[in-house]
Amino acid sequence: MQLAELLAQLEPYNARLVAVSKKKPDEAVLELYAQGQRDFGENRVQDFTDRQERLPRDIRWHFIGHLQSKKVKDIAPFVALIHSVDSGKLLEEINKRAAENGRVIDCLLQFKIAREESKYGLGYQEGVELLQSPVFSTLRHVRIIGVMGMATFTDDEAVVRAEFQRLKSIFNDLKQQFFAADPAFREISMGMSDDYPIALEEGSTMVRIGSLLFGPR
Ligand SMILES: *Cc1c(COP(=O)(O)O)cnc(C)c1O
């Protein structure tokens, strides 16, 4: 799909596009960049840092994959948004590396909403405990701006819709309990090539789309 066509679909929902460039050549990124796209996502640290060095400086790089604590230091100098925070330990490490770089790094808490065992993410209660923990309130170099989740890979639209509704309800609960006075907590990162229309209907503010834009991997 053409970028303009996709953006036109997102517009009524006021949702942002993260173009997921993983495994695609730099030329593909630059083609969208030339059309004005600035938010790009990668899921592997090595590709993420390599690309950032090669490509224009005003690209906002989103880290969307599972992140190991020991790799945080590599992305901390420049990452725009980490979508995949799934433990307090990881958040502490991000805080530490952000401080070293004189930054505050925006993060999303990733929740496990899919049935599949393979998908990472916090359980609801785990997320609540993280936000209640004494150490969380000491972290000055991370800012939680919302939640992220991935639906089960299935043709069953009802399953996908219910999972996105679950993420939206987690967002609402956390907003009310922890972020009621914080306008920055406003993002729900959900929806990929196969399910973004449902995600938009269920309240997504940010879709992460790869193959639909760049072709199959
Ligand atoms: C690969 C990936 C996407 C994009 O997937 P497509 O189906 O190609 O749109 C989105 N989110 C995450 C976390 C991914 O790893």
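# A walk through a predicted structure

Let us begin in helix 3, which spans residues 45–54 and is the place of Thr49. Keep in mind as you look around that this is a predicted model. Is Thr49 buried or exposed? Thr49 counts as buried, because its relative accessibility is 12% and the cut-off for buried is under 20%. If we set aside the neighbours within four places in sequence, Thr49 is in contact with Asp74, Ile75 and Phe78. You can also try a longer jump: Pro12 is 37 residues from Thr49 along the chain, and the C-alpha atoms of these two residues are separated by 33 Å.

Now turn to the loop between helix 1 (3–10) and strand 1, where you will find Asn14. This residue is exposed, with a relative accessible area of 66%. Take a look at its backbone too: phi of Asn14 is near 60 degrees, which is a positive value in a residue other than glycine.

Follow the chain onwards through strand 1 (16–20) and you come to the loop that leads to helix 2 (26–34), where Ser21 is found. Lys23 lies in the loop between strand 1 and helix 2 as well. What is the relative accessible area of Ser21? The value is 0%, so Ser21 is buried. Lys23, on the other hand, is exposed, with a relative accessible area of 65%. Lys23 also has a positive phi, of about 65 degrees, although it is not a glycine. As for Ser21, which residues does it touch beyond its neighbours within four places in sequence? Its contacts are Val29, Phe40, Gly41, Glu42, Arg51, Trp61 and Phe214.

Next, move along to strand 7, made of residues 187–189, where Ser189 is found. Ser189 is buried, with a relative accessible area of 0%. Leaving out the neighbours within four places in sequence, its contacts are His83, Leu108, Val147, Met148, Gly149, Leu167, Met206 and Arg208. One of these residues deserves a second look: the side chains of Ser189 and Arg208 are joined by a polar contact of 2.9 Å. You can also compare positions along the chain with positions in space, since Ser189 and Ala199 are 10 residues apart along the chain and their C-alpha atoms are separated by 9.0 Å.

Arg208 takes us to the ligand, as it is one of the residues around that molecule. The others in this group are Val20, Lys22, Asn43, Ile64, Met150, Met192, Ser193, Ile209, Gly210, Ser211 and Arg217. Where does the ligand sit? You will find it in the largest pocket.

Let us look at some of the atoms around it. In the side chain of Ser193, an N or O atom is 2.5 Å from an oxygen atom of the ligand. Gly210 takes part through its backbone, where a polar atom is 2.8 Å from a ligand oxygen. With Arg217 we return to a side chain, and a polar atom there lies 2.8 Å from an oxygen atom of the ligand. How much of the ligand's accessible area does the protein cover? On its own the ligand has 380 Å² of accessible area, and the protein covers 92% of it.

Methods:
Residues are numbered from 1 along each chain as its sequence is written. This is a predicted model: local features need pLDDT of at least 70, side-chain atom pairs count only at pLDDT 80 or more; totals for chains, interfaces and linings use all residues. Side-chain values use heavy atoms; hydrogens and water are left out. Helices (H or I, at least four residues) and strands (E, at least two) are DSSP runs, numbered from the N terminus. Buried means under 20% relative accessible area, exposed over 50%, partly exposed in between (1.4 Å probe, protein chains only). Contact means heavy atoms within 4.5 Å. A polar contact is a pair of N or O atoms within 3.5 Å; within protein, one must be able to donate a hydrogen and the other to accept it, and residues adjacent in sequence count only if both atoms are side-chain atoms. A residue is near a molecule or strand if one of its heavy atoms lies within 4 Å of it. Accessible areas come from the Shrake-Rupley method with a 1.4 Å probe; for residues, only the protein chains shown count as cover. On a 1 Å grid over the protein atoms alone, a cavity is a set of points where a 1.4 Å probe fits but cannot get out, and a pocket is an open set with protein on both sides within 12 Å along at least five of seven lines; lining residues have an atom within 4 Å of a point. A molecule sits in a cavity or pocket if more than half of its atoms lie within 2 Å of its grid points.
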